[in-house]
Amino acid sequence: MIVTKDLHGPDAFFQDLRQAFGRTLAQADACLARPDLVCDALLGQAWDSFEGNLAIQREGQPPVACQKGCPSCCTLRVGVLAPEAFRVAQLIRASADRLRPHGIDLEARVRAADAATRGLGEEARVTLKQPCAFIARGVCLIHAVRPLACRGHASHDRRACADAAVGRRHSVPFSGPHRVVRLLVHSALQAALHHGGRAWHTAEFNHAVVLALDNPQALRVWLTGGDPLAPAAMEPEQHAAQEAWFANLLPLPATG
Ligand code: SF4
Ligand code: SF4
């Protein structure tokens, strides 16, 4: 886990985490027999670093209102990086037999959600109010592997979220530390993926998971430089600017 609290906090955290992700990716070629382990290692770094830094950044801040059974925000469009989509697809496959007796079919749910939302922009998604494929009775069924976007979305006012979800208000007092730390972790992973020659774009969650489910080799293809989630890419018009930013970052130290 990377934790930084000094004066240069955000930049130092970003650079340290980018390097940590880079070290993990540098070992990927030796792990192609178990690409799921590379995926787990990257996500473990991301989640631990997010939680560790969030705890520091939230010191002295008002509490957030988020809790189990509070699903108003789980209708929004979610952007994920490739490892996040692969991990959720893996969980869907692994949990199918266990969930079937309870009448829960996560694969069918995400395929239906994808059919309802594919190609819709942010505003259209807000209007549509399509619940996330993974919410049931207000509980996130994939909580342990939920995307960074979900981890970084937190509010100080549950009522404000509920009112915003039905169009009764336009602003919600979101938690700044959640947003900032999530953005730093997401960007650091993107930068490391870019440096390591892997597809780094943000992908729409439903479509990305469906693509991962459709192709059991998708994770291996991605790890070896392919882009099996390309059809789910979000905001491709911003890729050139992001790429230029990555290219201007300090080079990562050589790993051996
Ligand atoms: S962001 Fe709002 S709706 Fe979502 S869990 Fe937190 S309080 Fe509930
Ligand atoms: S993955 Fe979980 S936390 Fe994220 S939108 Fe879906 S139900 Fe909500």
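**Predicted model: core, helices and ligand shells**

Colleague: Which residues have the most contacts inside the largest nonpolar core?

Modeller: The largest nonpolar core has 54 residues; a nonpolar core is a set of buried Ala, Val, Leu, Ile, Met, Phe, Trp, Tyr and Cys residues joined through C-beta atoms within 7 Å. A residue is buried if 20 or more other C-beta atoms lie within 10 Å of its own, exposed if 12 or fewer, and partly exposed in between, with C-beta atoms placed from the backbone. Two residues are in contact if their C-beta atoms, placed in that way, lie within 7 Å. Those with the most contacts inside the core are A85, V185, A188, L189, A208, V209 and A212.

Colleague: Which helix gives the most to this core?

Modeller: Helices (H or I, at least four residues) and strands (E, at least two) are DSSP runs, numbered from the N terminus. Helices that each supply at least two residues of the core include α1 (9-26), α2 (35-57), α3 (82-99) and α8 (176-195). With eight residues, the helix that gives the most is α8.

Colleague: What kind of model is this?

Modeller: Residues are numbered from 1 along each chain as its sequence is written, while chains are lettered from A and ligands numbered from 1 in the order in which they are written. Local features need pLDDT of at least 70, side-chain atom pairs count only at pLDDT 80 or more, and totals for chains, interfaces and linings use all residues, since this is a predicted model.

Colleague: What is the radius of gyration of the protein?

Modeller: The protein has 11 helices and four strands. It is as compact as a globular protein of its length, because its radius of gyration is close to the 18 Å that the globule rule gives for 256 residues. The radius is taken over C-alpha atoms, and the rule is 2.2 Å times the number of residues to the power 0.38. The radius of gyration of the protein is 18 Å.

Colleague: How many of the 10 residues of α9 are buried?

Modeller: The covering of the buried residues of α9 includes β1 (79-80), α3, α4, β4 (203-204) and α10. Among the buried residues are F205, H207 and V210. The helix is largely enclosed by the rest of the structure, because its buried residues number nine.

Colleague: How many charged residues are in the shell around ligand 2?

Modeller: A residue belongs near a ligand if its C-beta atom, placed from the backbone, lies within 6 Å of it. The residues around ligand 2 are C74, V78, C132, F134, I135, C140, I142, R146 and C150. Ala, Val, Leu, Ile, Met, Phe, Trp, Tyr, Cys and Pro count as nonpolar, Asp, Glu, Lys and Arg as charged, and the others, Gly among them, as polar. The shell divides into eight nonpolar, no polar and, of the charged residues, one.

Colleague: How many polar residues surround ligand 1?

Modeller: The residues around ligand 1 include C66, C70, C73, H153, R158 and C161. By class, its shell has six nonpolar residues and one charged, and the polar residues number three.

Colleague: Is E235 buried or partly exposed?

Modeller: E235 lies in the loop between α10 (218-223) and α11 (239-247), and has a positive phi of about 45 degrees although it is not a glycine. Because 13 other C-beta atoms lie within 10 Å, E235 is partly exposed.
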